[in-house]
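The following exercises concern strand pairing, burial and helix geometry. Please work through each task before reading its solution.

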Amino acid sequence: MFLPREMFASFGSAIGGLAFIWVMLPQWQRYVPPQIRDLLHRCINKLVNLFYPYVLIVFSEFEGERLLRSETYMFIQSYLKEHATSRVRRLKAETVKDSQTPILSMGDNQEVTEMFEGVKVWWASRRVSPRNMTISFHPVTEERRYYRLLFHRRHRELITQSYIKHVLTEGKEIARRNRMQKLYTNDPSKDWTYVAFEHPANFETLAMDPNKKREIINDLKKFREGKEYYAKIGKPWKRGYLLYGPPGTGKSTMIAAMANFLSYDVYDLELTAVKDNTKLKKLLIKTSSKSIIVIEDIDCSLDLTGQRKKREKENNDDDDEENDDPAKKMVKEEEKGRGVTLSGLLNFIDGIWSARGGERIIIFTTNHVEKLDPALIRRGRMDKRIEMSYCCFEAFKVLARNYLDIEDHPLFEMIGQLLDETNMIPADVVEHLMPKSDDEDAETCLRSLIEALEAAKKEAGKKAKDGSRAKAKEGRAKKVNGEKEEAKESGTSAKEVKENGDISGVAAATDLRENGVAVADVEI
Ligand SMILES: Nc1ncnc2c1ncn2[C@@H]1O[C@H](COP(=O)(O)OP(=O)(O)OP(=O)(O)O)[C@@H](O)[C@H]1O
Ligand SMILES: [Mg+2]
């Protein structure tokens, strides 16, 4: 049985629907003379106000001239998927690529009610199909969908100011949670291909100094919520990170943790597979927002270091020759167009972001930060530099918790001391903390780590000793070379230097022999 209020709403809804059709279909209005059209408008408004105390809000699926899918529509869709699918009779099942189970959502022309702070609202999903089949060169679907929200005009303020905000915030969060993260890679034959991104790394399990970790998490949070802020300061919504440090210190693991924290897609850009700057630009235009673009081992990917300077110099040197030799000129032009250059990469970092959407992070990783061209890593391009370093005690504690489920142990103190005295990468620490059989318990693993740390310490001590000996030899060799030069200048022979009782000359000459340096003009 219908409640009077529901009947009233249905009746009103019908009138509202008529009014809506009238407003939504301007091509009908074109055939009505203007005076009659105005009159009809006024009559419909009066009728609606008289019989229809409800306010109707329409959220269309597409907006803008280029028919962009509306974010608001998508957030409402996510919200209703979560809150209403259990209460509607007809559901829509969508198969998502790479997903085993279909995603269920509210079917077309379904209605559902919801209570918000004691106020009832009516949601309906609607689909409008075109009456005539039109042939178009543009592959744009003519079918339009929209959500309709209905509520009593008494609650206009509550609904427009609180409820819609609540729906959009929650819908956004649900969409973020349910979104399948993707890992894109490029190869020379195709642009991007993707698989589901399923790396389990997160900031909980990432071993590094906790203060540094907190700083990075805060930085990412600020970035994610920074849409208005970036718009206010007039900067594209992007951020560059440079991760550097020895191999096995967790740079790639950090990227995965960042992607999981933000729920962003990852574009793993293999620069060596990119033909030239034009192709690079095309690839980057195709990346979506809410993504991390990664270029690993930037120093190895291409000869980017100082390439600009080298090119400039080459250009200057060859200019004269080129003018005379057309064949050389052609080859040079070809070379100019080949491969990704440093300037191409810089243009992409500076330019692409302003082009579309924003909300992108770019990450470079390297084992040799000192090799990079300063232009590539200056602030503004790489906003934050993160050093991933050898395992410290705090980082070890995280690994012990992850791998052995222990927070503390009597051997921890010794390990802390050894970690202070030696350099061991987290990847090596992890190797010892992983039990190799069911017989190995936490203590066995810790003892194995201690053994490895002691061996590393011994090795480092030996290396340091050899290093200082080699340095001393080098110093002495330099000294004798200097004396030799002086002697040459003043006309004294090396023999005389020796005869003058300069014993360092002997020692230096001996050292030079040991080092395989020619000592032909040093007579002893
Ligand atoms: N900081 C860390 N926290 C947790 N695990 C780590 C960390 N660093 C290294 N590991 C472990 O070592 C393995 C190798 O680390 P990862 O690939 O992230 O190092 P990388 O710095 O990217 O090395 P490369 O410079 O060779 O690319 C990881 O799979 C992980 O198990
Ligand atoms: Mg790596």
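**Exercise 1: Strand pairing**

Seven bridges join strand 11 to strand 14 (residues 360–366), and the two run parallel. The model is a predicted one. Determine which residue of strand 14 K238 stands opposite, and which other strands pair with strand 11 and strand 14.

Solution.
1. K238 stands opposite R360 in strand 14, and R239 is placed opposite I361.
2. Strand 11 is also joined by four bridges to strand 15 (residues 384–387), again in parallel; here Y241 faces K384.
3. Strand 14 is joined by five bridges to strand 13 (residues 291–295), likewise running parallel, with I295 opposite F364.

**Exercise 2: Burial of two strands**

Establish why strand 11 (residues 238–244) is described as largely enclosed, and examine strand 14 in the same way.

Solution.
1. A residue counts as buried if 20 or more other C-beta atoms lie within 10 Å of its own.
2. From strand 11, K238, G240, L242 and Y244 point one way, while R239, Y241 and L243 point the other way; all are buried.
3. Seven of the seven residues of strand 11 are therefore buried, so the rest of the structure largely encloses this strand.
4. In strand 14, R360, I362, F364 and T366 on one side and I361, I363 and T365 on the other are all buried. Because seven of its seven residues are buried, strand 14 is largely enclosed too.

**Exercise 3: Helix span**

Check the span of helix 4 (residues 71–84) against the expected value.

Solution.
1. At 1.5 Å a residue, the 14 residues of helix 4 should span 20 Å.
2. The end C-alpha atoms of helix 4 are 19 Å apart, which agrees.
3. As to burial, the buried residues of helix 4 include F75, I76, Q77, S78, Y79 and L80.

Terms used
Residues are numbered from 1 along each chain as its sequence is written. Chains are lettered from A and ligands numbered from 1 in the order in which they are written. This is a predicted model: local features need pLDDT of at least 70, side-chain atom pairs count only at pLDDT 80 or more; totals for chains, interfaces and linings use all residues. A residue is buried if 20 or more other C-beta atoms lie within 10 Å of its own, exposed if 12 or fewer, and partly exposed in between; C-beta atoms are placed from the backbone. Two strands pair if DSSP finds at least two bridges between them. The expected span of a helix is 1.5 Å times one less than its number of residues.
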